[in-house]
Structure formats: C-alpha cells, structure tokens
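Work through the exercises below with the coordinates open. Try each task before reading its solution.

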Amino acid sequence: MATRPLASALTLSKTPRAPSSGSHHSPPALVRRLQTLTRALASSSPQAMASPPAPKKVLVPIANGTEPMEAVITIDVLRRAGADVAVASVEPGSATIAAAWGVKLAADALLADIADAEFDLISLPGGMPGASTLRDCKLLENVVRKHVEKGKLYAAICAAPAVALGAWGLLNGLKATCYPSFMDKLPSEVHAVESRVQIDGKCVTSRGPGTAMEYSVVLVEQLYGKEKAEEVAGPMVMRPQHGVEFSMKELNSISWNVGETPNILVPIANGTEEMEATMIIDILRRAKANVVVASLEDKLEIVASRKVKMVADVLLDDALKQQYDLILLPGGLGGAEAYAKSDTLMGLIKKQAEANKLYGAICASPAIALEPHGLLKGKKATSYPAMWNKLADQSECKNRVLVDSNLITSQGPGTSMEFSLAIVEKLFGRERALELAKTMVFV
C-alpha cells in the first residue's frame, strides 16, 4: 500500500478560514504549528502508515502418490501472488513424500503440527493414491470441514474433488468438475460439469495437470481479485487459448529417435523454477523415458525459486557415471546462474553438443547458461521474454517452443507443458504426445 505524499497528507487538515479583521498568525506561531505537524508526521511509524495487508494463508496437503505437477503449480502460483502457503505432509512422521512419477518433495511441516492454524484457502492436489490418502486422513477431513463451515474458500483438482471432497459430502448441491475418468465417482448430489475450472460459491474444482495453471490463477483471483491474477499470469507466459492443440516451430529437422527408453538428465539447483522442473520430469517419465534428476548442491534436497523443496535422485557427480541421450535445463534465475557456474555441467553439455547429441533449456537457462558458454552459436533459440536481449540471434525468439536440429528451447512456466510434449513428440512421435496431452487434460 503506498503512503500518501507529505503534501497531500498536509492538505487533509481543514482549509483555514480567512482571519477575522484585527487577528493574524504571527510568523513564529505559524512556524511552531508547522514544526509540531512535521514532528507528528515524523514520529508516526512508517510501518503503521503503510502496513501491507497480511498475506493470505493457504494450506496444500500432500501425500505419497500426489500428482506433483498439480501440487507444485498451485504452490508456486499462489506464492507468486504473495500468499503464505503451507505445504503439509499427511504421511505419519514423514515430511518427505514420494509423489507420483518418482518425484520426491519435502513438505514444510507435518499436518499434525499445523492443524490448528487458520487458513484463507485449502487446496487439495490430485493423483492416485494421493487423493485417497488425503480422503482417509481423519485429521485433514476435520480441518477441511471446520474451514468450510466458516464459509472459507476451498478447492480440489483432478481425482481429489470426487475422491476426497465428494466423499466428505462437501460438494453436495454444488456444480463441480474433476478428472474425466472420475466423473462417475462424484456423488449424485453433485451437479457434475466438464468445465476446465469450475467455481461455485466458495468451492473451486478442476480437471487435471493440464488445467493446473488455469486453476491456480483462478485461486489467486478468488483470494486477491482480478488485477492480482492478471499481474501473476502475465510473467508466466501462459497460453493465449487453453485446451487447443500445441505445436512447435522446427528448423533444420533431424530424427531424435534414440530408442524406447531414452536416458535424460535434468539438473536442479537452489533457485530452479519448480513448475518447469516438475513438468519436464513428470511428463517425460509418463512417456516412459528414464529421467535422472541430479542436484548441483552438496545434498539431494534443493530449495527451488518459490521455496518448494525438491529432492533429486542423485548428486551431479554421481549422475556423470552414465551417458545421456538428452540433457534438459529447467529455468529459474538462481538455477540458471548455478548451471552457468558449474564447470562440470557446462563441460558435459559442451561434449553433448560436440557429439551432435540432444540438449535443451527453458526460461532463463538458454540466455543465462547456454548463450555465454557458446552453446547457442549458429543456432536459433528462444528464452524467457525479458531475456531475449541476451540472445545473440533473436530472429526466432517469439516462438513458444523452438527446435533447431539437436537443440530445443522454450520461454517459461506457461510454455513448459508444450516444451515437454514437443520433446515427447520428437522422441516418440506426435501420437504419443497427443495421447499424453489428452491424458493430462491439456487438450
């Protein structure tokens, strides 16, 4: 909240009337009045004058088998809006969970430790058996019930509307949606609809990983209003039209066919953009690729750009024991800078490029990691739009996903799903990419 400039603060005092004849303020008296006013303004604490509104508090519970894209996208987008998001594990005594597709996440707390807290929003991610575990957690059910009874905002995506909220009777009489194959599991008291995101009163529901970003922006709008939602959505480079077919621009086309289980390296570091990393890992594992997530830090757990704690499979040095068909760098400014500073990683990608093997990057990484190391030389590439000026060749940077021979680049969180599906298309063919896109309710 902006403080009013001093001049306008002073004009709030009543306009003095013209003095009656024979009376006047002597200059010293006027000076004294101004000094008193100035002291009063100076002594009032700047915090009190411009105290920002307290951040909205959000609970995102997670469990083994939670769909990582749905959890991470929701957390990331809400934190971008300024929300205080508590990621809570419902697994007894374990803050680290094994989400779907082998993605490991570390919660901020155990649900039992924060169950008495008040929240402005509770959002349940989907994924199986994650949604069933959320449903069967009596503590979570009680927390959500009390929250709903107070008339507060609650939400669920994918399997969770049917499996958890529906089972708890919290969708009765409401319009709601969920993952297509769970629609018949919504109780008969629910008005089932096929919207990508459905709002009914204080309840928001959505369909799957491919609608998670739209869902998260709707949650921002419900919490903070339309202006904040637009402010958050803009920098994410979201799709102009959701649900339509995806495409890529391809130059100097070569075959990417490296067999049925390509070996793919995805390095992560403190400051990596968690939505981008999670979408790349999750989608490529769905396509049956062997994805190795390697930490550039001295431990497996990294703290990503929006403070999501991701747990890698191996440290980078251990990842070097095998060869990779494809190396992919997620974005995030801190992560991209860490990649650029890693001689080990940059040396590995240089060897990859010299052998004409496949490599790629998204968001900040093409501009911050690849370009300064000569890895875009003679190539057309794109990057996060605010960093296009760092690319030596900007002639094709407006493409959301760009393939030039053995290199693939893309723009940001909102293009990550298209980027990952384009990689699936190049490795396995258009049919598999489209099938996956439909499974994720992306198209």
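**Exercise 1.** Does Ile 62 count as buried or exposed, and at what relative accessibility?

*Solution.* Start with the ground rules. This is a predicted model, where local features need pLDDT of at least 70, side-chain atom pairs count only at pLDDT 80 or more, and totals for chains, interfaces and linings use all residues. Residues are numbered from 1 along each chain as its sequence is written, and side-chain values use heavy atoms, with hydrogens and water left out.

Next, apply the classes: buried is under 20% relative accessible area, exposed is over 50%, and partly exposed is in between (1.4 Å probe, protein chains only). Ile 62 has a relative accessibility of 1%, so Ile 62 counts as buried.

**Exercise 2.** Place Ile 62 in its element and list what Ile 62 touches.

*Solution.* Step one: the element. Ile 62 belongs to strand β1, residues 57–62. Strands are DSSP runs of E with at least two residues; helices are runs of H or I with at least four; both are numbered from the N terminus.

Step two: the contacts (heavy atoms within 4.5 Å). Leave out residues up to four places away in sequence; Ile 62 then touches Ala 71, Val 87, Ala 88, Ser 89, Val 90, Ile 97, Leu 105, Ala 107, Pro 125 and Leu 134.

Step three: one pair in space. Val 87 is 25 residues from Ile 62 in sequence, and their C-alpha atoms are 7.0 Å apart.

**Exercise 3.** Analyse the salt bridge between Asp 108 and Lys 309.

*Solution.* First, the criterion: a side-chain nitrogen of Lys or Arg within 4 Å of a carboxyl oxygen of Asp or Glu. The count by this rule is 27 salt bridges. For Asp 108 and Lys 309, the N to O distance is 3.5 Å. This pair links distant parts of the chain, 201 residues apart: Asp 108 is in the loop between β4 (104–106) and β5 (109–110), Lys 309 in strand β16 (residues 309–311).

Now check exposure. Asp 108 is partly exposed at 35%. Lys 309 is partly exposed at 23%.

**Exercise 4.** Which parts does the salt bridge of Glu 118 and Lys 152 tie together?

*Solution.* The closest N and O atoms of Glu 118 and Lys 152 are 2.7 Å apart. Glu 118 lies in the loop between α5 (111–114) and β6 (121–124), and Lys 152 in the loop between α7 (138–149) and β7 (153–157), so the pair ties together parts 34 residues apart in sequence. Glu 118 is partly exposed, at 43%.
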